[in-house]
Each structure stands twice: as structure tokens, then as C-alpha cells.
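Colleague: Please take a close look at one part of this model, the pairing of charged side chains. Then follow it outward into the surrounding helices and loops.

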Amino acid sequence: MGYPQIRPRRLRRTAAVRRLVEETRLAPAELVLPMFVREGLTEPRPVASLPGVFQHGRDSLRKAAAEAVAAGVGGIMLFGVPARRDATGSGGVDPDGVLNVAIRDVVAEVGDATVVMSDLCLDEFTSHGHCGLLADDGTVDNDATLAAYARLAVAQAEAGADMLGPSGMMDGQVGVVRRALDAAGHTDTALLAYAVKYASAFYGPFRDAVESALVGDRRTYQQDPANLRESLREVELDVAEGADLVMVKPALPYLDVLAAVRQLVQVPVAAYQVSGEYAMVEAAAANGWIDRERVIMETLTSIRRAGAQIILTYWAVEAAHALRR
Ligand code: PBG
């Protein structure tokens with residue numbers, strides 16, 4: 001008779017058995033909340049394409065950061081939206097610029113209770129919206145940009161950030177930033193390198209959140225979604241240049257990349273569940289087409305299972321609360 005003796009269903013029979021054999025478990029401390037602060041705002045302003053996400057003013061940022069810490073999140077990643085932009089992104093290095101002020105505010109509010117991270121890039125500060133400085137012919141000038149990133153890094157470290165996230169995909173950015181930080185005495189400021197960053201259409205809603213000025217795309221510096229080996233090369237370079245952690249971005253459409261990166265290196269691996277990933281779930285849930293809470297936890301679990309030890313997600317606070325229940 002063909003009855004099976006081996007029955008995988010035995011380990012799925014009750015919630016207790018399922019819990020016992022569960023291979024992947026999420027914890028609030030692995031979740032990082034990206035937050036937006038906009039210069040001159042006195043009230044939080046909703047981001048239309050990211051329901052539940054706000055641009056903060058200084059006061060509401062501090063309050064929301066304290067709430068995130070109370071929920072137990074592992075970190076906060078700050079993005080600044082300046083009132084004025086220029087060709088060189090000078091607002092990024094200004095100690096009174098929106099992001100540097102926000103770093104100081106959040107550090108003053110939460111201290112060492114969480115890890116305060118800042119996005120190290122020029123796109124929020126430039127009038128053209130590119131992540132780097134433009135050469136006369138309109139192309140993004142890699143090496144001129146590196147010098148600008150070095151100054152940005154020192155400004156953010158001086159403001160008190162624990163960890164900087166170089167996200168501009170310029171060649172050599174991690175090494176240049178590391179040397180600049182060390183030379184300025186910031187040897188303990190860590191680098192979470194956006195080592196793998198695809199030229200993705202999933203960043204659409206983020207560009208609303210930072211009121212991006214970009215025309216065109218970033219395909220001359222961000223990666224082609226078709227490529228995997230190229231990502232491994234990027235990761236190896238960033239680790240050699242001194243990255244303390246590496247990140248893969250976006251997350252869910254690139255789980256194969258995440259798994260390969262996890263196999264390749266020993267440093268902690270993070271993934272960024274980006275704005276478009278969030279917006280798709282929120283939009284489908286708003287239509288009643290999916291079970292919102294279950295889908296959120298399923299996406300986070302999948303990203304974790306594929307190899308991310310840390311996940312940046314706009315659901316960090318909500319998921320942290322859900323995990324504690
Ligand atoms: C660059 C940056 C971007 C995101 C994070 N850092 C935008 C881009 O590369 O166009 C996107 C994050 C998201 O979509 O949630 N400063």
C-alpha cells in the first residue's frame with residue numbers, strides 16, 4: 001500500500017509544533033525605520049504615495065523617533081528635504097542644513113537607545129536631483145562627487161550620527177568616506193554601505209517623499225536589474241574599502257541577490273524594503289485585495305529568510321509592535 005510513512009505535515013499540525021520548528025524569526029531590533037524631515041515644517045505632512053509615512057518637522061521628528069525607540073526598533077535612518085537646493089548640494093554640508101540639524105535633534109532625543117543613521121548622498125540637496133555633481137557635459141562626475149561625499153560624511157559624523165549610509169553608487173565612495181572620517185578623528189563612525197543598489201522603478205514614491213528634482217534616471221551609476229554577478233563585485237569592493245555592513249536594495253524583487261551576498265561576506269547584511277514595495281502592499285490592502293498585516297509579515301520574513309539580518313522598512317514601528325504581541 002502506498003501510504004506515506006514520512007509525513008512533513010506532522011510538523012505543521014498545531015501552532016505549538018509550528019512554532020517549535022520555525023526556522024526564521026523576526027525581532028524588533030533587526031528593523032530600521034527610514035524617516036523624512038523637511039525644512040520649515042511645523043506639522044507632519046503625509047506623503048500621498050506612502051500612506052502612513054510623513055515628512056516631519058523638527059518637533060514631530062523627535063517625537064516619532066522616541067516612539068520608534070519605545071517600540072524597540074534597531075535603528076533610524078534619516079533623510080533630509082531642504083527648502084532650497086543648488087547645483088552642488090551645499091545644504092548637505094551646512095551644519096545648519098536640515099539633515100545635520102535632524103541628526104543632532106534625534107541624537108539629543110534618543111541618545112544611545114537606538115542606532116542613528118543618516119543617508120549620505122547628494123540627491124536630496126541638488127537642484128538637478130542627481131546623486132553626484134555634474135560635469136560640464138551633464139554626466140555625473142564620479143571623482144568630484146567623492147570629494148563632496150567626504151565633506152558630507154564629516155558633517156554628519158560631527159552632527160553625531162552613529163552610522164552613515166553612502167547611497168550614491170559612486171565608485172570608491174566607501175574608501176574615500178572612510179579615510180575622510182578617520183582623518184577627522186571619527187574612527188568610530190560606522191558605514192552601512194548601499195553596496196548593491198539597482199536602478200529601480202520601485203523608488204518612485206520615495207522621490208515624492210523627498211520632492212526629488214530628478215529628470216531622467218540614474219542608470220549610469222545604479223545597477224542594471226538584470227545583473228547578479230555585478231552585485232557580488234560591488235559588495236567585495238565595499239568590504240575591501242571598509243564597509244562595516246552592506247546593504248541590498250530593493251529587497252523583495254532581489255532575494256536571490258540577497259542570498260548570494262549573504263554567502264559571500266561575513267559582515268552583517270541589510271536589505272532595504274523600499275518605498276514602491278511598501279506602496280504596492282498598502283494600495284492592494286486599501287482595495288481589500290490582500291490581508292495587509294499578514295502580507296507585511298510575510299514580506300519581512302521572506303527578506304530575513306533570504307539572508308538579511310537587518311531590514312530597513314517603513315513598517316518598522318508597526319511590525320515591532322506586532323512582534324511584541
Ligand atoms: C538616495 C536614496 C534613494 C532611496 C534611498 N536613498 C533614492 C534613489 O536612489 O533614487 C530610495 C528609498 C526608497 O525608495 O524607499 N538618496
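Modeller: Glutamate 282 and arginine 292 are both buried. The model is a predicted one, and in it the side chains of these two residues form a salt bridge, with 2.9 Å from N to O. This bridge joins distant parts of the chain, since glutamate 282 sits in helix H9 (residues 275-286) and arginine 292 in helix H10, ten residues apart.

H10 takes part in a second bridge. Here the side chain of arginine 304 meets that of glutamate 30 at 3.0 Å, N to O. The two partners are 274 residues apart: arginine 304 belongs to helix H10 (residues 292-306), and glutamate 30 to the loop between helix H1 (15-20) and strand E1 (31-38). Glutamate 30 has a relative accessible area of 16% and is therefore buried, the limit for that class being under 20%. Arginine 304 has a relative accessibility of 22%, so it counts as partly exposed.

A third bridge pairs the side chains of glutamate 22 and arginine 25, at 3.1 Å from N to O. Glutamate 22 is partly exposed, at 44% relative accessible area, and arginine 25 is also classed as partly exposed, at 47%. In general, side chains of opposite charge can pair when their charged atoms come close. The structure as a whole holds 15 salt bridges.

Some of the charged residues are linked in a network of salt bridges, made up of Arg58, Arg62, Asp105 and Glu109. These residues lead to a helix pair. Helix H2 (residues 58-71) packs against helix H3 (residues 98-110) at an angle of about 45°, and their axes are 9 Å apart. At that angle the two helices are therefore oblique to each other. H2 crosses H3 in a right-handed sense. On the H2 side, Arg58, Leu61, Arg62, Ala65, Ala66 and Val69 make the contact, and H3 supplies Val101, Ala102, Asp105, Val106, Ala108, Glu109 and Val110. Of the residues in this contact, nine are nonpolar, none is polar and four are charged. Arg58 and Arg62 of H2, and Asp105 and Glu109 of H3, thus appear in the helix contact as well as in the salt-bridge network.

Another helix pair has a contact without charged residues. The axes of helix H4 (residues 142-159) and H5 come within 9 Å and cross at roughly 45°. That angle makes H4 oblique to H5. The crossing of H4 past H5 is right-handed. H4 contributes Leu146, Tyr149, Ala150, Ala153, Val154 and Ala157 to the contact, while Gln173, Val176, Val177, Ala180 and Leu181 come from H5. The contact of H4 with H5 has ten nonpolar residues, one polar and no charged.

H5 also has neighbours beyond H4. Its buried residues are Gln173, Val174, Gly175, Val177, Arg178, Ala180 and Leu181. They pack against H4 and H7, and against three strands: strand E5 (115-120), E6 and strand E7 (190-197). Just after H5, glycine 185 has a positive phi of about 90°.

On the other side of this helix, methionine 169 occupies the loop between strand E6 (163-166) and helix H5 (173-183). Its phi is near 60°, which is positive in a residue other than glycine. Methionine 169 has a relative accessible area of 6% and is therefore buried. Glutamate 211, likewise a residue other than glycine, has a positive phi near 50°. The loop that holds glutamate 211 runs between helix H6 (204-209) and helix H7 (229-241). Glutamate 211 has a relative accessible area of 29%, so it is partly exposed.

One further backbone feature belongs to a loop. Lysine 249 and proline 250 are joined by a cis peptide bond with omega of about -10°. Proline 250 lies between strand E8 (245-249) and helix H8 (255-264), in the loop that connects them.

How values were computed: Residues are numbered from 1 along each chain as its sequence is written. This is a predicted model: local features need pLDDT of at least 70, side-chain atom pairs count only at pLDDT 80 or more; totals for chains, interfaces and linings use all residues. Side-chain values use heavy atoms; hydrogens and water are left out. Helices (H or I, at least four residues) and strands (E, at least two) are DSSP runs, numbered from the N terminus. Buried means under 20% relative accessible area, exposed over 50%, partly exposed in between (1.4 Å probe, protein chains only). Axes are lines fitted to C-alpha atoms, for helices over the stretch in contact, and angles run from 0 to 180 degrees between N-to-C directions. Angles under 35 degrees count as roughly parallel, over 145 as roughly antiparallel, 65 to 115 as roughly perpendicular and the rest as oblique. A crossing is left-handed if the near helix is turned anticlockwise from the far one by less than a right angle, and right-handed if clockwise. Contact means heavy atoms within 4.5 Å. Ala, Val, Leu, Ile, Met, Phe, Trp, Tyr, Cys and Pro count as nonpolar, Asp, Glu, Lys and Arg as charged, and the others, Gly among them, as polar. A salt bridge is a side-chain nitrogen of Lys or Arg within 4 Å of a carboxyl oxygen of Asp or Glu.
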